[in-house]
Each structure stands twice: as C-alpha cells, then as structure tokens.
Amino acid sequence: SQIEGSFIDDSGRKYIADILQESISGKLPKWLGSNEGVDTSTAVPAPWQRLTVEKKGANIIDVNCWGRTYRFGKTAFIDAIYSDGSKMLTKPMGLIIKSGKRNLRVKAQKPKLLSKSPEKVVIRNQFTGAGFTIHTDVTVEFDGLVRLDWGISAIKPLDVDSLVLEISMPSSIAGYLYDFPGKWGQIDNSG
C-alpha cells in the first residue's frame, strides 16, 4: 500500500506531496491523523505583536509588524520595507519583462486589503499593460514572514525573452542575503 499526503492552504489551494512511504508494516501509529503539535489558536504568541494596517490615502496600504513596515500601492509587489525606520529597499520591487527589444510596462491599480487578522494580512493587487495582467497576493504574518504569490496572464500569446523580479537593496544589508544552496552574501543562481 502507499501513503500520500495532501494539504490545503489558507487560500484553499490543494497541494499533494510525493509518496511519503511505500508501505506500513504492522499497526498504524497513534499520531497518524491527529492534530497533535498543530497550533489551531489565532493568538499571536509573545514576544511578537499583533499586525496593524494603516491606509495612507487612496492607494497606499502599510502593514506594520514588530518594528517593520511593508508598504503596498505603486507596484504589483512591495513598494517599500522599513525596519525600525530604515529603508530596506532602494526602490520598489518590480518586474522587468522583455519582449523583443522592448521592456513591457504595467499600469498600477489600487491594492485591496483582502483579509486582516492579528496574525496575518493579505494584500491583493492587479496590474495591466501591453496585453497582459499581473496579479499578486502578498501575505504578511506576525513573525515577519512575507509570502508572495503572483502570476501573469496574457490576452493573446506573448513572446517573453526574459522575466526578472528586481529587488534593489542598499549594499549595507545586501551582504546578509542567503539562498539555498549557496553562500552568505552571494546569490549564485541569479542573473
């Protein structure tokens, strides 16, 4: 017999894991199928603090998290990140799409506060231009984790020569970047 695992995330997307084990011999373990070790509370544990959201005019949303602020509004991604008041990005995160000899541009729409709770905030945005749409859901969690889910859809076939997510950071903090597998301060698999 085979055992396969699957789970559904907060957005309702289902993920199926590879085969976890070819077979089980003997009696099934007591923990199989239990919620043991799963925190189902919605409380933000100490020392973290509840997330707060501030709307700054019609098109800007700030999410505040434990000494850090994530700003959304001008781009499909994150406009700015502040840590204890210091800027962590030199310019808004952006997508560079090259098709032929031209860079394709997008027009910003207004970000939407999709969901808000003390432990998690989700911001949705959509941008259009040159026959395609970029849609994003950015999730900020109480511990500072930021998850970016995004996609591109085209109205008609579109030849894309390159697609680059640009994250510009001051050199004073860029040395703390790490990728796996990789080395501290060096991103080997980036172009």
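Reader: Hello! Let me start with one residue: is D137 buried or exposed?

Author: Welcome! This is a predicted model, in which local features need pLDDT of at least 70, side-chain atom pairs count only at pLDDT 80 or more, and totals for chains, interfaces and linings use all residues. Residues are numbered from 1 along each chain as its sequence is written, and side-chain values use heavy atoms, with hydrogens and water left out. Buried means under 20% relative accessible area, exposed over 50%, and partly exposed in between (1.4 Å probe, protein chains only), so at 13% relative accessibility D137 counts as buried.

Reader: Which residue meets the side chain of D137 in a salt bridge?

Author: A salt bridge is a side-chain nitrogen of Lys or Arg within 4 Å of a carboxyl oxygen of Asp or Glu. For D137 the N to O distance is 2.7 Å. D137 lies in strand β13 (residues 132–141) and its partner in strand β12, 13 residues apart, so the pair links distant parts of the chain. Helices (H or I, at least four residues) and strands (E, at least two) are DSSP runs numbered from the N terminus, and the partner in β12 is R124.

Reader: What relative accessibility does R124 have?

Author: D137 is buried, whereas R124 counts as partly exposed. The value for R124 is 36%.

Reader: How many helices and strands does the protein have?

Author: Of the 191 residues of the protein, 27% count as buried. The chain's elements come to one helix and 15 strands.

Reader: Where is the confidence lowest?

Author: pLDDT is the predictor's confidence in each residue, from 0 to 100. The protein has a mean pLDDT of 81, and 82% of its residues reach 70 or more. Where pLDDT is low, the predicted coordinates should not be read in detail. Confidence is highest in strand β3 (residues 52–55), at 96, and lowest, at a mean of 64, in strand β2 (residues 14–21).

Reader: Which strands are the edges of the open sheet?

Author: The open sheet has five strands in the order β3-β4-β5-β6-β7, with antiparallel pairing. Two strands pair if DSSP finds at least two bridges between them. An edge strand here pairs on one side only, and the edges are β3 and β7.

Reader: Inside that sheet, what is the bridge partner of R71 in β6?

Author: Strand β5 (residues 68–72) and strand β6 (residues 80–83) pair in the antiparallel sense over four bridges. R71 also belongs to a network of salt bridges with E54, K56 and D62. In β6, the bridge partner of R71 is A80.

Reader: How many residues lie between β11 and β12 in their hairpin?

Author: Strands β11 (residues 112–116) and β12 (residues 120–129) run antiparallel and are joined by four bridges. In one of these pairings, S115 has V122 in β12 as its bridge partner. The number of residues between the two strands of the hairpin is three.

Reader: Which residue forms a salt bridge with K91?

Author: The structure holds six salt bridges. K91 sits in the loop between β7 and β8 (94–99), and its partner is in strand β15, 75 residues apart. K91 is partly exposed, with a relative accessible area of 39%. The closest N and O atoms are 3.2 Å apart, and the partner of K91 is E166.

Reader: S168 is in the loop between β15 and α1; which residues is S168 in contact with, leaving aside its neighbours within four places in sequence?

Author: S168 is buried, with a relative accessible area of 16%. Contact means heavy atoms within 4.5 Å. Beyond those sequence neighbours, S168 is in contact with M88, L89, T90 and K91.

Reader: Which elements give two or more residues to the nonpolar patch?

Author: The patch is formed by W150, I152, V160, L163, L165 and I167, with about 470 Å² of accessible area together (Shrake-Rupley method, 1.4 Å probe; for residues, only the protein chains shown count as cover). Patches are made of residues with over 30% relative accessible area and no salt bridge: like charges are joined within 9 Å, nonpolar side chains (Val, Leu, Ile, Met, Phe, Trp, Tyr) within 5 Å. W150 has a relative accessible area of 33% and is found in β14. The elements giving two or more residues are β14 (146–154) and β15 (162–166).
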